[in-house]
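Please look over the sequence and the structure shown below before reading the briefing.

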Amino acid sequence: LEVGALLVSIQGYKSGRTFDNPLLGSRTYKECWGVRWNIPVHVLLKRTVYKPILQYYYWRCHRKHQEEEDDTKGTSLPPPTGVVWVASLLTFGASGLLHEY
């Protein structure tokens with residue numbers, strides 16, 4: 001038990017799981033590193049880096065799409081593979097900076 005987790009539990013809060021049995025509970029490499037390993041960092045980076053990049057793309061693309069065709073209101077465009085790769089690379093870079101410092 002870590003000191004931080006002990007202090008959080010004394011104050012009456014529940015602390016989340018940091019790891020979810022990544023090595024023995026995973027069936028695939030992707031599940032081990034992408035779902036079960038270091039869950040708080042995964043959630044933090046997804047919330048603060050990955051999703052905002054995709055949201056920015058949607059905002060720009062949706063605005064541009066509306067300007068071009070006014071009668072396609074309500075349609076959502078899937079993100080192209082390039083945007084997902086860029087968001088993933090920037091998230092990976094942020095992870096490296098976060099783990100380094």
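What follows describes the chain as a whole, then one helix, the largest pocket and two single residues.

This is a predicted model, and the values given here were computed from its atoms. The secondary structure of the chain comes to five helices and zero strands, and from the N terminus on the order of elements reads α-α-α-α-α.

**The chain as a whole**

- Of the 101 residues in the chain, 16% are buried, where buried means that the relative accessible area is under 20%.
- When contacts between residues at least 6 apart in sequence are considered, 35% of them join residues that are at least 24 apart.

**Helix α5**

- Helix α5 covers residues 81-100, and because a helix is expected to advance 1.5 Å a residue, its 20 residues should span 28 Å, which agrees with the 28 Å that separates its end C-alpha atoms.
- The buried residues in α5 are Val 83, Ala 87, Thr 91 and Ser 95.
- Viewed down the axis of α5, these buried residues fall within an arc of 110 degrees, and therefore they line one face of the helix.
- On the face of α5 that is turned away from its buried side, the exposed residues are Thr 81, Trp 85, Leu 89, Phe 92, Leu 97 and Glu 100.

**The largest pocket**

- The largest pocket in the model has a volume of about 750 Å³.
- This pocket is lined by 17 residues, and those closest to its centre are Trp 33, Gly 34, His 42, Thr 91 and Phe 92.
- Two or more residues of the lining come from each of the elements α3 (29-36), α4 (39-68) and α5.
- By character, the residues that line the largest pocket divide into seven nonpolar, seven polar and three charged.
- Two of the residues closest to the centre of the pocket, Thr 91 and Phe 92, also appear in the account of α5, where Thr 91 is buried and Phe 92 is exposed on the face turned away from the buried side.

**Two residues of helix α4**

- Ile 39 has its place in helix α4, and it counts as partly exposed because its relative accessibility is 23%.
- Although Ile 39 and Thr 18 are 21 residues apart along the chain, their C-alpha atoms are separated by 5.3 Å.
- Lys 51 also has its place in helix α4, and its relative accessible area of 42% is the reason why Lys 51 is described as partly exposed.
- The C-alpha atoms of Lys 51 and Val 84, which stand 33 residues apart along the chain, are separated by 10.0 Å.

Terms used:
Residues are numbered from 1 along each chain as its sequence is written. This is a predicted model: local features need pLDDT of at least 70, side-chain atom pairs count only at pLDDT 80 or more; totals for chains, interfaces and linings use all residues. Side-chain values use heavy atoms; hydrogens and water are left out. Helices (H or I, at least four residues) and strands (E, at least two) are DSSP runs, numbered from the N terminus. The expected span of a helix is 1.5 Å times one less than its number of residues. Buried means under 20% relative accessible area, exposed over 50%, partly exposed in between (1.4 Å probe, protein chains only). The arc is that of the directions from the helix axis to the C-beta atoms. On a 1 Å grid over the protein atoms alone, a cavity is a set of points where a 1.4 Å probe fits but cannot get out, and a pocket is an open set with protein on both sides within 12 Å along at least five of seven lines; lining residues have an atom within 4 Å of a point. Grid points are joined across faces, edges and corners, and a volume is the space filled by probe spheres set on the points. Ala, Val, Leu, Ile, Met, Phe, Trp, Tyr, Cys and Pro count as nonpolar, Asp, Glu, Lys and Arg as charged, and the others, Gly among them, as polar. Contact means heavy atoms within 4.5 Å.
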